[in-house]
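The following exercises practise the reading of aromatic pairs and residue surroundings. Each task is followed by a solution in steps.

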Amino acid sequence: KSGVSPLHFDNHFWVDHLPRRYAELHQRPLDEVKAELFRLMEENKGRLEWYCLDFWRDALQVDIVALKREVADRIRVFPHVVAFLQAARARGIRLVLLTNAHRDSLALKLERTERPPL
């Protein structure tokens with residue numbers, strides 16, 4: 001077991017990095033910014049906007065993708081995933097990726113985890 005959550009990157013970004021950088025960029029107190037951001041997140045939970053980086057960019061007036069790139073070193077392939085996918089492919093199982101991730105977020109993750117074709 002790796003000890004790292006599958007949401008390690010995402011949780012760090014939304015809970016720690018974005019509030020800190022937003023506070024820095026807008027020269028506002030971090031606790032005030034966190035309260036505001038978490039309220040906005042709660043208001044949009046369960047809605048399509050929750051997953052849309054364009055929505056957050058416009059709502060917060062910050063380049064969300066650029067801020068995600070600042071902590072992209074936290075993106076990783078989890079242990080045994082590649083072996084599992086290779087084993088599935090070897091058994092003739094068709095592999096399809098379905099996600100609700102925004103295209104820019106997915107592109108960043110694929111860029112950081114690119115592997116040779118299975």
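**Exercise 1.** In this predicted model, determine whether tryptophan 14 is buried or exposed.

*Solution.* Step 1: the relative accessibility of tryptophan 14 is 16%. Step 2: buried means under 20% relative accessible area. Step 3: tryptophan 14 therefore counts as buried.

**Exercise 2.** Classify the ring pair of tryptophan 50 and tryptophan 56, and state the accessibility of each partner.

*Solution.* Step 1: a pair of aromatic rings is described by the distance of the centres and the angle of the planes. Step 2: the ring centres of tryptophan 50 and tryptophan 56 are 6.5 Å apart, and the planes stand at 80 degrees. Step 3: planes over 60 degrees apart count as edge-to-face, so this pair is edge-to-face. Step 4: tryptophan 50 is partly exposed at 28%, whereas tryptophan 56 is buried at 1%.

**Exercise 3.** Describe the surroundings of phenylalanine 13.

*Solution.* Step 1: phenylalanine 13 has a relative accessibility of 0% and is buried. Step 2: phenylalanine 13 forms an edge-to-face pair with tryptophan 14, with 5.0 Å between centres and 90 degrees between planes. Step 3: ring pairs place Phe13 in a cluster with Trp14, Trp50, Phe55 and Trp56. Step 4: lysine 68 lies over the face of the phenylalanine 13 ring, 4.9 Å from its centre.

**Exercise 4.** Which side chain does histidine 17 join through a polar contact of 2.7 Å?

*Solution.* Step 1: histidine 17 belongs to helix 1 (residues 8–26) and is buried, at 3%. Step 2: beyond four places away in sequence, histidine 17 touches His12, Leu67, Glu70 and Val71. Step 3: the polar contact joins histidine 17 to the side chain of glutamate 70.

Notes. Residues are numbered from 1 along each chain as its sequence is written. This is a predicted model: local features need pLDDT of at least 70, side-chain atom pairs count only at pLDDT 80 or more; totals for chains, interfaces and linings use all residues. Side-chain values use heavy atoms; hydrogens and water are left out. Rings of Phe, Tyr and Trp (its six-membered ring) pair if their centres lie within 6.5 Å; planes under 30 degrees apart count as stacked, over 60 as edge-to-face and the rest as tilted. Buried means under 20% relative accessible area, exposed over 50%, partly exposed in between (1.4 Å probe, protein chains only). A charge sits over a ring if NZ of Lys or CZ of Arg is within 6 Å of the ring centre and within 35 degrees of the ring normal. Helices (H or I, at least four residues) and strands (E, at least two) are DSSP runs, numbered from the N terminus. Contact means heavy atoms within 4.5 Å. A polar contact is a pair of N or O atoms within 3.5 Å; within protein, one must be able to donate a hydrogen and the other to accept it, and residues adjacent in sequence count only if both atoms are side-chain atoms.
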